[in-house]
Amino acid sequence: MSRVKLLKTEVWDNDIPAICMVCGEKPAQTSHPTQMKHVFFPLNVLGIVGHMITPKKMPMNVCCCNDCKAGYLNEVNMQTIWASLKTVVLLSFVYIFTVKSAGLPKNLLIPVILMAIVLILETVYFWTIGKKNAIRCAKMDAGTVSLDLPNGKWAVAYTKYKEDKKSRRKATQAPIHDAPPPAAPSTGGDGTPPPPAQTPNLQSGFPGVESGALIAFEGMEHAQIPPQLPDFLDAVKQGDSERLEEVLKKGGDLQETMPNGMNALHLAAVAGGMQMADLLIRRGIPVNSEMANGLTAMHLAVQANNQNMVGLLLAKKGDPNHPNKEGRTPLHWCAAVADDRLDPNNRYKMANVLLRGGGDINAKDKDGNTPADLAKKTGDAKMVEVFS
Ligand SMILES: [Zn+2]
């Protein structure tokens, strides 16, 4: 077991390595929304009392591979079982003290034995089987959360991820998720349109990777967080579900969109808020809803380099074969879209996730190109191999 300290914002933005948190080896394929609670073991003697004295909770998505999924879900179920058993013990105490109070203290014997059995069993479980699949919260404060993970590999991957991100930021000298600064007003005065927004240059972010051949797709400029957001969409960007509920209560409209058709789910897909995206889908935003150029949240999540978000959208019945106006599916975007946020290595992983999720390798865009054709055009042999 290893302990890793993460920033809460990183967890909420899903700005963490996209590998399984249980085995620490395979790519994360599914994510499970979890209410992470600070465990005061063995102080949470009766669960309910523990719940009251340990109010520190945090929503997060636990990402794991398909092989570890069953073990992890098992562990989650075991937590429910322990909580239920402790509730039964607590109720038996209440029963003795209220209904059978005449026979005190002799009548306390059975509940005390019950409590001892449950505690011993839980303790044994905690240190044996439970350690194999459990993801537990060991510490939580205002800004960080410490997780106990079953293996040390994820912590190593996390350290490396942080280092990579630091050097990448240094190389680009720009935040990776925000929109480019507004263009300077045109000074020509002769009616010529302002120059098109500069497309990101891949080479700046990932030295050593050929960028020339990546393709500037129509509509790719929409995968940006608009600089000015109405209150409701700002809450979505921040991943602040409480504020979102407040705005909605005051009459905010969940279906409100930006001028380019970007709705809350599209925004969450770009901003990377898994919990938020999950909430929005549950609140009724269609997972395949389209914005400008016929883009769906999945196109945007691909372009924003967010493999876990793609996994979540697939799990929520997002269509990996949804064509945009040019007939390009998320798989086409994964193959060739020119955006320096999309880590070259992550392209391969993302392509595999999309293929496993039912992505059609033979889907043709309006020019008759399949994802493999586009990958060939970029000259990325490894990507061509993924599609072959
Ligand atoms: Zn795994």
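Biologist: How many of the eight residues of H10 are buried?

Modeller: In this predicted model, local features need pLDDT of at least 70, side-chain atom pairs count only at pLDDT 80 or more, and totals for chains, interfaces and linings use all residues. Residues are numbered from 1 along each chain as its sequence is written. Helices (H or I, at least four residues) and strands (E, at least two) are DSSP runs, numbered from the N terminus; a residue is buried if 20 or more other C-beta atoms, placed from the backbone, lie within 10 Å of its own. H10 is mostly covered, and its buried residues number eight of eight.

Biologist: Which helices are included in what covers the buried residues of H10?

Modeller: The residues to be covered include Leu-265, His-266 and Val-270. Contact here requires C-beta atoms, placed from the backbone, within 7 Å. The cover includes H8 (231-238), H11 (274-282), H12 (297-303) and H13 (307-315).

Biologist: Which helix gives the most to the largest nonpolar core?

Modeller: A nonpolar core is a set of buried Ala, Val, Leu, Ile, Met, Phe, Trp, Tyr and Cys residues joined through C-beta atoms within 7 Å. The largest has 53 residues, and Ala-268, Ala-269 and Ala-277 are among those touching the most other members. With seven residues, the leading contributor is helix H10 (residues 264-271).

Biologist: Which residues does Ala-269 touch, not counting those up to four places away in sequence?

Modeller: Ala-269 is one of the buried residues of H10. Beyond the excluded sequence neighbours, its partners are Ala-277, Ala-297, Leu-300, Ala-301, Ala-304 and Met-309.

Conventions:
A residue is buried if 20 or more other C-beta atoms lie within 10 Å of its own, exposed if 12 or fewer, and partly exposed in between; C-beta atoms are placed from the backbone. Two residues are in contact if their C-beta atoms, placed from the backbone, lie within 7 Å.
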